[in-house]
Amino acid sequence: MKKWQQRIGPWLSKYFSLPSDVMMELPRVTMIGQLHVYIENHQGLTVYSDTELKLKSNKGYIQISGSSFVLKMMLPEEILLEGNIEEVKFIPE
Amino acid sequence: MKHIQGSSLTGYVTVFVKGIQPELFFQRCSEQDIIVWNVEKKSENVCSGNVKLQDISRVKHIKRGTDYKLSFKNKRGFPFMMKKFTRKKEILVGLLLSILLIFFLSNIIWEIKITGVPKDIEEKISEQLTQYGVHQGTWSFTLDSPSEIQQNLINDIPELLWVGVQQKGTSFLLEGVEKTIVEEDEVEGPRNLVATKKGVIENMYVSKGLPQVQVNDYVEPGDVLVSGKIQFTNDEQTDDDGEEEDEAYELIAAEGEVIARTWYETEVTVPLKTNYEQLTGDSETKYHLKMLGAEFPVWGFGNPEYKDIHRERHEKDLYFFKWKLPITFMETILSEKTYHEAERSKEEAIDVGIKQAKNELQLRLGPEAEIISENILQETTENGKVKLILYMAVEENIVKYEPIDQGD
């Protein structure tokens, strides 16, 4: 059942142009220059420090590195990060 | 960002978390639907973040059973400000005192302005006002209402025709109109004196003019009493040589007083039984503050043991600056009263009736008229009332001025 859903997800988003973050439960990362990163639909914070933020998503981790990081807001599935962002990296599981 | 809007109003706290991987503590918080913002990693083992005041108990709940150490710093927002403020007793007392002071000053009469009247009457008015207790520096809620003061002033100062009293905040504005004594509207030029009522002439005092009637004559209204047309005798006419016969008279303004006896028939009814209330003189005063329809006693508790009570209520508005407060000051005067029931005999009722009728007539005719005698024409008693028809004889001046039409 789950496999069927996973297979129909990309197909739906491709042919009906439905947003893929909703269809496939992927994280949505919005960036404003180097200043802000807004991550929605993540599954929890694993590492946070001044220079690094690592979030869990459904297919691995998102790692953001940079300097002078401040978490402007933390909501259950959203995080707004402020600072000097240098890198956004997807690490597969 | 709307999630943290208004947090400065409801209050928020900066939480410092100490422990291994302190950021995971905040992760747990956000899993529990607690909003955390401005999370900063201070060092390897310390992390700080802001939490709303209402979430603090839940944060403490999460902390239980973990190795993290929490400390709360930087308490910000309105609730904390209030707390800080109330801790400073001096400021609180000062604020209270200043509000009280403004309240007191707002309810004091500071100025009495009298306009529209000359100096001497102005002085009289202010003297009267002082007698009523209206002067600079009195409490405005101890005073009578402006309309009462207005009435009293008009009664006590005969020179005043009208006075407008207005209370405008802390000042009393009086606008007076002086009575100008208008000369009696006399008919100028030649005139006759004419009777206004029917009557028998008792006395005549004619200073100018030719009397047309005599004492003990009966006159009807409209009869000429004293003529202003003076006929010259033939001897005098011959002195004015060359004058025509048509102008053998002179027109003057007649003047004089004709007192005649007139009659009036009046009807009075006097009840045999009377009820009246009388105050015994014992009274108590109570004060209330009335707020939003509810009354709170300030002074005077309990009810006096009077059998019958006459209540008199006065309501005074209170002010703060120029604004009327929703609180009013109520004064209630409870006076003991007694009911009297009196029964009078027929003779007494007749006496009362005659007196009453005389008073009424005197009022109608003015002070110069004199009631000489009264006779009872008819008396009937029915339904506990005595009905009298009285016949009264009056001596009064019946003169009216009437200009002589010169026919030009």
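Across the interface of chain A and chain B in this predicted model, the salt-bridge rule finds 0 salt bridges. The two chains nevertheless bury about 1500 Å² between them, and carbon and sulfur atoms account for 61% of that area. The size of an interface is often given in this way, as the accessible area lost when the parts come together. Chain A brings 16 residues to the contact, and chain B brings 18 residues.

Chain A has 93 residues, and 33% of them are buried. Its secondary structure consists of 2 helices and 6 strands. Read from the N terminus, the order is α-α-β-β-β-β-β-β, with both helices ahead of the strands. Of the contacts in chain A with a separation of 6 or more, 39% are between residues 24 or more positions apart. The chain exposes about 5700 Å², of which carbon and sulfur atoms supply 55%.

Part of the surface of chain A is a nonpolar patch of about 630 Å², made by A:W11, A:Y15, A:F16, A:L18, A:V22 and A:M23. Helices α1 (2-15) and α2 (20-24) of chain A each supply at least two residues of this patch. A:M23 is one of the patch residues and lies in helix α2 of chain A. With a relative accessibility of 30%, A:M23 counts as partly exposed.

In chain B, helix α3 covers residues 56-63, and its buried residues are B:I56, B:V59 and B:I62. Viewed down the axis of α3(B), these buried residues fall within an arc of 115°, so they line one face of the helix. B:S57 and B:H61 are exposed on the other side of α3(B). The cover over the buried residues of α3(B) includes four elements of chain B: β1 (12-18), α2 (23-31), β3 (46-52) and β4 (69-76). Just after the helix, B:G65 has a positive phi of about 80°.

B:R58 takes part in a salt bridge with B:D55, and their closest N and O atoms are 3.2 Å apart. What is the exposure of each partner, buried or partly exposed? B:D55 counts as buried, because its relative accessibility is 8%. B:R58 is partly exposed, with a relative accessible area of 36%.

Further along chain B, helix α6 (residues 119-132) contains B:Q128. This glutamine has a relative accessibility of 16%, so B:Q128 counts as buried. Apart from its neighbours within four places in sequence, B:Q128 is in contact with B:L153, B:D156 and B:I157. Helix α7 of chain B, residues 146-156, holds B:Q151. At 47% relative accessibility, B:Q151 counts as partly exposed. The C-alpha atoms of B:Q151 and B:W162 are separated by 9.1 Å, and the two residues are 11 residues apart along the chain.

A salt bridge joins B:K124 and B:E159, with 2.3 Å between the closest N and O atoms. This pair links distant parts of the chain: B:K124 is in helix α6 of chain B, whereas B:E159 is in the loop between α7 and β6 (160-168) of chain B, 35 residues apart. B:K124 counts as partly exposed at 37% relative accessibility. B:E159 also counts as partly exposed, at 27% relative accessibility.

Another salt bridge in chain B is formed by the side chains of B:E255 and B:R191, at 3.6 Å from N to O. Here too the pair links distant parts of the chain, 64 residues apart: B:E255 belongs to strand β15 (residues 255-271) and B:R191 to strand β8 (residues 191-195) of chain B. B:E255 is partly exposed, with a relative accessible area of 32%, whereas B:R191 is buried, with a relative accessible area of 2%. Over all chains, the count by the same rule comes to 13 salt bridges.

Strand β17 of chain B, residues 294-299, includes B:V298. At 39% relative accessibility, B:V298 counts as partly exposed. Which residues does B:V298 contact, leaving aside its neighbours within four places in sequence? They are B:Y287, B:H288 and B:L289. The C-alpha atoms of B:V298 and B:K286 are separated by 7.7 Å, with the two residues 12 residues apart along the chain.

Definitions and conventions
Residues are numbered from 1 along each chain as its sequence is written. Chains are lettered from A and ligands numbered from 1 in the order in which they are written. This is a predicted model: local features need pLDDT of at least 70, side-chain atom pairs count only at pLDDT 80 or more; totals for chains, interfaces and linings use all residues. Side-chain values use heavy atoms; hydrogens and water are left out. Buried means under 20% relative accessible area, exposed over 50%, partly exposed in between (1.4 Å probe, protein chains only). Contact means heavy atoms within 4.5 Å. Accessible areas come from the Shrake-Rupley method with a 1.4 Å probe; for residues, only the protein chains shown count as cover. The arc is that of the directions from the helix axis to the C-beta atoms. Patches are made of residues with over 30% relative accessible area and no salt bridge: like charges are joined within 9 Å, nonpolar side chains (Val, Leu, Ile, Met, Phe, Trp, Tyr) within 5 Å. A salt bridge is a side-chain nitrogen of Lys or Arg within 4 Å of a carboxyl oxygen of Asp or Glu. Buried area is the accessible area (1.4 Å probe) that two parts lose on being put together, summed over both.
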